[in-house]
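Here's a walk through one protein chain, with an eye on its sheet, its charged contacts and its rings. Have the viewer open while you read.

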Amino acid sequence: MAENMTVYGDISPRTAVYAARELLERAEPLLVFEKWGQAKPIPKNTARTIKFRRYEALDATPNPLTEGVTPSGKKPTFTDVEATLQQYGDFVEITDVIQDLHEDPILREMMALTGEQAAQMYEKVRYGVLCGGTNVFYPGVAAGRENVAAPLTIGLQRKITAALMRQNAQRITSMVGAGPNFNTTPIAPAYIAVCHVDLDTTLRKMAGFVPVEKYSNPSVAVPGEIGSVEGVRYIGTTMAEPFEDAGGAAEGFMSTGGSKANVYPVLYFAKNAYGLVPLKGKAAVTPCVLNPNKPRGGDPLGQRGTVGWKGYTTAVILNELFMAPCGSGCFYRLRKLI
């Protein structure tokens, strides 16, 4: 018991399990990138590095058979991509006495808040990694983020999807389902594009755009899904933050107040484009609770308590050509937003 108390603080393992479930349930709707990447949970007693394996396509040169002669077989080849685990976490201070999760709502409320924070923190880590992709497309003639002063168009999307298809990048056919386990849910084959919610109006102006509410079965939409265009499903999240004042002339485009347009990355993904350590599973997150009214080092009168969390994660691009970051301006209709 002493070992568990050291890990969880002042709550029992039973309560810690319940607290972790509360944290994950609140986090789940905010986890966009987690649904589409190659998820690899943290192995027990692992080192600080984790391996993602990418199998290379077999040689498809025609191989005619001779009667009675066994041909030479092919040996599968693979590439291991290593990533370093990083620990993240945070806590909030409390001054009210926490008795037990089932009886005192304070712990539940704090776990809900820290669950949202954990999801947002993990998503920002992943977004930062995935924005570093090198297979980048830009609207307009001139490449470079500093020249972005045009919105996303159907022409640019077709250019991106053509490049993915040229690499035999497979459409995504499943996503990580809801709940604490690693069950997958089948979806209709599609490329996935993740963008900021500010691009909602821009997407709705694209030729062929179908909003979620007009899907033949709207229940297939995932949280944050805006709609689809020619087999690309667009998912909006506030975690896909723009590069402020980093583009071209801001006239007609959203700007933070400077003379340049904000540049909004749109991240297009095929199957197995990236890997990540998910925020789910037994070792995904550890709740940490210290009750107030317990004297301890630095707090001799027991005036403070804390509710927090910690966990390990990482993200890595597995195949640059299976994803395509795109820089886009955010077009507005009525007025300039500053």
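What follows is a short tour of a predicted model, going from the backbone to the side chains.

## The three-stranded sheet

Let's start with an open sheet of 3 strands, ordered E4-E13-E12 and paired antiparallel. The edge places go to E4 and E12, each with a single partner strand, so one side of each has no neighbour in the sheet. From one strand to the next, the twist averages 15°. As a general reminder, strands of a sheet pair through backbone hydrogen bonds, and the pairing can be parallel or antiparallel.

Zoom in on the E12 and E13 pairing: the two run antiparallel and 5 bridges join them. If you want one spot to click on, try Cys288, whose bridge partner in E13 is Gly308. Then look for H3, which lies across E4, E12 and E13 and runs at about 30° to E13.

## Salt bridges across the sequence

How many salt bridges does the structure hold? The count is 11. One of them is formed by Arg304 and Glu93, with the closest N and O atoms 3.9 Å apart. This pair links distant parts of the chain, with the two positions 211 residues apart: Arg304 sits in the loop between strand E12 (286-290) and strand E13 (305-313), while Glu93 belongs to strand E4 (residues 86-94). So this contact involves the strands of the sheet above: Glu93 is in E4, and the loop holding Arg304 runs between E12 and E13. Is each partner buried or exposed? Arg304 counts as partly exposed because its relative accessibility is 33%, whereas Glu93, at 53%, counts as exposed because the cut-off for that class is over 50%.

Another long-range contact is the salt bridge between the side chains of Lys124 and Glu241, at 3.6 Å from N to O. Lys124 lies in helix H3 (residues 105-130) and Glu241 in the loop between E9 and E10, so the bridge ties together parts that are 117 residues apart in sequence. Both ends count as partly exposed: Lys124 has 44% relative accessibility, and Glu241 has 38%.

## Two more charged groupings

Arg204 and Glu213 also meet through their side chains in a salt bridge, at 3.8 Å from N to O. Arg204 is partly exposed, with a relative accessible area of 38%, while Glu213 counts as exposed at 55%.

Which residues are linked in a network of salt bridges? Glu34, Glu123 and Arg126 are.

## Rings, and charges over rings

Now for the aromatics, where the count comes to 7 pairs. Among them is the pair of Phe269 and Tyr274, at 4.8 Å centre to centre and with 55° between the planes, which makes the pair tilted. Why does Phe269 count as buried? Its relative accessibility is 0%, and buried means under 20%. Tyr274 is buried as well, at 1%. The two also belong to a cluster in which ring pairs link Phe33, Tyr127, Phe269 and Tyr274.

Two arginines are worth a look for their placement over rings. The charged end of Arg53 sits over the ring of Phe78, 3.8 Å from the ring centre. Arg145 lies over the face of Phe243, with 3.6 Å to the ring centre.

## Positive phi in two loops

Finally, a backbone check. Most residues other than glycine have a negative phi. Where does Glu230 lie? Glu230 is in the loop between strand E8 (225-229) and strand E9 (232-236), and its phi is positive, near 45°. Glu230 counts as partly exposed, with 46% relative accessibility.

Asp245 is another non-glycine residue with a positive phi, near 50°. Asp245 sits in the loop between E9 and strand E10 (263-269), and the loop between E9 and E10 is also where Glu241 of the salt bridge with Lys124 is found. At 30% relative accessibility, Asp245 counts as partly exposed.

How values were computed. Residues numbered from 1 in each chain as written. Predicted model: local features only at pLDDT ≥ 70, side-chain atom pairs only at ≥ 80, totals over all residues. Heavy atoms only, no water. Helix = DSSP H or I, 4+ residues; strand = E, 2+ residues; numbered from the N terminus. Buried < 20%, exposed > 50% of the residue type's maximum accessible area, 1.4 Å probe, protein only. Salt bridge = Lys/Arg side-chain N within 4 Å of Asp/Glu carboxyl O. Pairing = 2+ DSSP bridges. Axes fitted to C-alpha atoms, helices over the stretch in contact; angles between N-to-C directions. Contact = heavy atoms within 4.5 Å. Phe/Tyr/Trp six-rings, centres within 6.5 Å; stacked < 30°, edge-to-face > 60°. Lys NZ or Arg CZ within 6 Å of the ring centre and 35° of its normal.
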